[in-house]
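Me: I am new to this structure. Please take me through the terms one by one.

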Amino acid sequence: MDSIINVSAIQNIVYIGSSILFIFGIKMLGKEATAVRGNYLSAIAMFLAVGITCLNLGIDIKIIISGILLGGLIGSLIAIKVKMTAIPEMVALFNGFGGLATFLIAWSQFNSPNNSFFQHVLIMLTVYIGGITFAGSLVAYGKLSEILKLGKGSWITNILISFFYLSFPALLYVICEPFISQFIPQFSSYFFIFLGLTLIAGLGFVMPIGGGDMPVVISLLNSFSGIAAAFAGLLLLNNVLIVAGSLVGASGLILTIIMAKAMNRTIGNILFVGYASTSSSSSSSSEEQGEVKPISADDAYLILENASSVLVVPGYGMAVAQAQHVVREMGELLEANGTEVKYGIHPVAGRMPGHMNVLLAEANVSYDLLAEPDDVNPSMDSIDVAMVIGANDVVNPSATEEEGSPIYGMPIIEAHKAKTVFVLKRSMSSGFAGVQNPLFFKENTRMLFGDAKESISQIVSEFKD
Amino acid sequence: MEIYVLLGFVLLLSIFLGLELISKVPSTLHTPLMSGANAISGIALVGALMLSSEDQTQSILAFGAILFASINVFGGYLVTNRMLSMFKKK
């Protein structure tokens with residue numbers, strides 16, 4: 001711990017300056033007009049903090065240079081090469097690496113002699129949060145990129161979950177270890193077992209959580225990586241780590257709360273319960289659904305051509321079909337035809353916070369056309385056509401009409417109130433929540449079955465003819 | 001011990017500040033904010049640089065921490081910037 005005590009006054013002053021830049025950076029990141037500058041500002045803050053730390057080093061310079069060069073290269077390559085549709089898993093992966101770094105920092109500190117009891121506690125907490133963040137993010141990465149198909153109910157998942165619960169008493173034990181070892185012979189390899197256990201526990205933490213709940217998990221893991229960094233800052237007595245880490249922790253927490261609210265569920269319910277165990281009482285009413293009315297792309301075109309206002313409601317299905325570019329093209333053709341086009345974006349549509357916004361931005365849709373549920377719902381009656389593209393639960397009227405439904409109370413985009421609703425869907429399967437969607441059977445609903453990209457391409461080519 | 005109380009105070013104030021700063025974010029910016037915050041969590045790099053490399057184990061741990069934190073920092077900022085440059089008002 002010697003190197004910390006020598007941190008000069010200059011370093012601390014620069015750390016304060018860099019903390020201020022981080023604060024302004026993250027504030028500006030929250031507004032459309034200033035977001036780009038905010039990101040630059042926080043990058044400058046990072047550069048300053050890292051640069052000034054290099055004035056006073058305890059590590060071999062070769063290790064530092066090779067580590068930063070190699071890490072910078074890998075990170076930059078991933079960031080430049082990644083497709084915009086793969087952003088959710090990318091963010092999860094980077095986040096996991098941040099968690100792993102704090103995990104290793106705490107491990108290294110454990111090896112240094114003369115840790116006080118308080119430092120010992122901080123080491124264990126940092127290892128725990130960092131390890132959970134790392135392993136949990138890897139699982140999130142696997143699930144989002146669809147490499148990992150294990151879910152709730154598999155025996156492997158169940159074993160991993162029990163390790164997750166085992167990790168709580170284990171954390172308590174390792175924290176108290178300095179006291180316990182006074183009475184019983186010291187169990188010298190306990191720390192290594194704990195290191196392994198936190199990683200397995202991290203797997204068990206995220207493994208049972210399903211795809212539709214991923215926006216919550218990603219924001220929460222994001223928050224954890226910040227908190228881990230803040231604890232590492234306490235451990236190393238470094239104020240910039242504390243400030244920057246706490247800011248990340250807070251922003252992740254806010255996003256987590258926004259996401260949970262958008263589903264009308266508590267964070268605990270999302271993490272530990274899931275949809276499966278909520279009541280299945282809604283089955284009684286799902287029998288008298290009525291008839292599904294399919295429509296062809298040609299007929300859909302004729303209706304769209306005469307519509308004066310169209311609301312597009314995208315969901316994860318649009319991301320899967322990679323339909324965002326044709327959707328934009330259709331939107332432009334509609335506008336050229338004198339139709340007012342808006343996009344209704346539900347906060348939890350997709351697999352991460354703001355997923356639909358990123359996809360539509362990639363396709364060059366102006367962001368002032370994107371509206372939130374509260375903005376579009378009041379005027380829904382006057383919308384001629386609501387076009388639901390690969391969304392399901394976020395437009396499910398059960399959430400407002402059917403009290404027994406597992407998703408009852410979730411704020412939705414009330415597409416069913418529009419004069420006509422087109423639902424673009426591959427098949428009649430239910431959404432992530434496993435709840436049947438009465439929207440498909442409504443009088444004013446027309447189902448346009450098939451791949452969303454192909455269906456919309458057809459409509460687009462009709463417009464062009 | 002006093003230093004921990006002091007730094008704990010900094011920790012709490014920063015969390016409250018963070019909650020205040022970002023309490024109203026338009027949903028357009030949810031992803032960039034998350035990704036930008038993720039890049040900031042790469043500040044662990046500063047912590048990694050403060051480690052020591054007195055023996056082989058410590059060197060490997062330090063190298064690993066620097067490597068992974070650097071991936072987080074560079075990747076995080078670049079991806080955020082790429083994303084933000086797509087958000088345009090026409």
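Me: What makes residues of chain A and chain B part of the contact?
Reply: Two residues are in contact if their C-beta atoms, placed from the backbone, lie within 7 Å. The contact takes 97 residues from chain A and 74 from chain B. The model is predicted: local features need pLDDT of at least 70, side-chain atom pairs count only at pLDDT 80 or more, and totals for chains, interfaces and linings use all residues. Residues are numbered from 1 along each chain as its sequence is written, while chains are lettered from A and ligands numbered from 1 in the order in which they are written.

Me: Which helix of chain A gives the most to the side that touches chain B?
Reply: Helix 10 of chain A, with 16 residues. Helices (H or I, at least four residues) and strands (E, at least two) are DSSP runs, numbered from the N terminus.

Me: How do you know what radius of gyration a compact globule of 465 residues would have?
Reply: The rule is 2.2 Å times the number of residues to the power 0.38, and the radius is taken over C-alpha atoms. For 465 residues that gives a value near 23 Å; chain A has 25 Å, which agrees.

Me: What makes strand 3 and strand 6 of chain A edge strands?
Reply: Each pairs on one side only. Two strands pair if DSSP finds at least two bridges between them. The open sheet of chain A has 6 strands in the order 3-2-1-4-5-6, with parallel pairing.

Me: How many bridges join strand 2 to strand 3 of chain A?
Reply: 2 bridges, so the pair meets the cut-off of at least two. Gly344(A) has Ala371(A), in strand 3, as its bridge partner.
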